[in-house]
Amino acid sequence: MFEVRGILSRNQKKIKRLFSDFLYKTMAGIISTGTQQLVVLPLLAKFFSAEMYGGILTIRGVYSAIYVGFGNSLANVRQITYTDYSKKGVVGDYNLLAWIFAGISAVFLAIICSFVGNVEIFEMILLIPAVFIATLNAYYLVHYNLVLDFKNLLFNSVISSGGAILGIFLVKYTMLWPLPLLLSGIFSLTNLFFTTPRIREPFHKTGLMFKTLSKYAILLAVTLVAQSLLYLDRLIVYPIIGGEAVATYSTAAFFGKSVAVIISPLSSVLLGYYCQDTFKMSLKYFWGGNVIVLVLSALFMIISIVMAPWLTGLLFPSLIDMANPYIFISNLAAILCFAGNVAQSAVLKFANIFWQIVIQVCYAAIYVILGVLVMPKYGLWGFCYVVLFANVVRLILLYTIGHYSIMLRGNIKS
């Protein structure tokens, strides 16, 4: 007992700082997620038919998978290699890579949308610059993690959400549903231009370019797979059992995914601390954090049993009857996914990056193969159970790989 008090006393300032940073980032997540889930998506569901809404959700899923894959992967590599560049005193590579891959992300989206279909020419004209800007935003937001400035991250979330709200009200008059995505990105990038020096870094390569690019290539592949799986409910369900099923599943999972997104900043805050020179990981920290996250997950699951049907019905009155039977199982899968994301922060920093590939390949194999096999016979129920099983396996793999990777690093503290 005295030992615990001593540890808390010695680390009081660090604990307060961590709590403050988590609070700022959580508030940023609540604002951005709340804007999307409580304003943008319900209004889109109101403006368009269930079939059309399902198609919009599918394209938005592709959009999110691409910009997060290209942008967030580069941001994570920047954090992982931050000390390498600092020790050598060099600046470069990242601005060059950010703009090149933002362009590639726009090309990717255009190609995929042409295959998916149901995207009008004016919608495509808005989506291409929107994903380019979103990719840049996803990378430049890394500045706040590198300097642990989560207060400005919160402000940026407010600015970005303002753009999304303006966009959704313009949709009412134009019926151009990509407007919230484009205006949100423009507002955010404008704010980042004035608040982060990363935008003004030189556009040239350094001696670390090849090492950085090789890490980025691996993490990009892993993240694209992970993001595709995050939105795979739309990408698999849509062609097999239709847009109405996409709308049903997305509505059923609405509460759990919203909670997961709101709390997900914890994983990003932890990664920011893991990447600091002074931080040393231990099994005690790893398992202590995971136990806390599992307890929180159980608490949120209990809350969802009461709140999810009510809130979902309030926001999606036209879809609640179809979605209601699937709410419990889809929310459970979403919350287990969040628990895995928190553990992944430690695995990303302290385990060989090769293990990211192993985890995602196993996860994808279960998700895709079983999903495709069971849906024709068991429909949406079969898909729900496949998603739940895939997230349980992923969580077990992350805990196992994280435990042994940290143990073998030889930096265990008592």
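The bend at a residue is the angle between axes fitted to the seven residues ending there and the seven starting there. Helices (H or I, at least four residues) and strands (E, at least two) are DSSP runs, numbered from the N terminus. This is a predicted model, in which local features need pLDDT of at least 70, side-chain atom pairs count only at pLDDT 80 or more, and totals for chains, interfaces and linings use all residues. Residues are numbered from 1 along each chain as its sequence is written, and side-chain values use heavy atoms, without hydrogens and water.

**View 1. Helix α3 bends at valine 68.** The angle there is about 25 degrees. Helix α3 covers residues 50–80. Its 31 residues should span 45 Å, because the expected span is 1.5 Å times one less than the number of residues. The end C-alpha atoms are 43 Å apart, which agrees. Of the 31 residues in α3, 26 are buried (under 20% relative accessible area, 1.4 Å probe, protein chains only).

**View 2. Serine 49 caps the N-terminal end of α3.** A side-chain oxygen of serine 49 lies 3.2 Å from the backbone nitrogen of methionine 52.

**View 3. Methionine 175 sits in the loop between α8 and α9.** Helix α8 covers 150–174. Phi of methionine 175 is near 60 degrees, a positive value in a residue other than glycine. Most residues other than glycine have a negative phi. Methionine 175 has 36% relative accessibility, so it counts as partly exposed (between the buried limit of 20% and the exposed limit of 50%).

**View 4. Asparagine 331 is buried in helix α17.** Helix α17 covers residues 327–350. Asparagine 331 counts as buried because its relative accessibility is 0%. Leaving out residues up to four places away in sequence, its contacts (heavy atoms within 4.5 Å) include Phe254, Phe255, Met301 and Ser304. Ala252, Ala253, Gly256 and Ala308 are also touched by asparagine 331.

**View 5. The whole chain has 18 helices and zero strands.** Buried residues make up 53% of its 414 residues. Among contacts with a separation of 6 or more, 83% join residues 24 or more positions apart. The chain averages a pLDDT (the predictor's confidence in each residue, from 0 to 100) of 80. A score of at least 70 is reached by 84% of the residues. Among the elements, helix α1 (residues 2–10) has the lowest mean pLDDT, 46. Helix α9 (residues 179–195) has the highest, 93. Where pLDDT is low, the predicted coordinates should not be read in detail.

Notes
A polar contact is a pair of N or O atoms within 3.5 Å; within protein, one must be able to donate a hydrogen and the other to accept it, and residues adjacent in sequence count only if both atoms are side-chain atoms.
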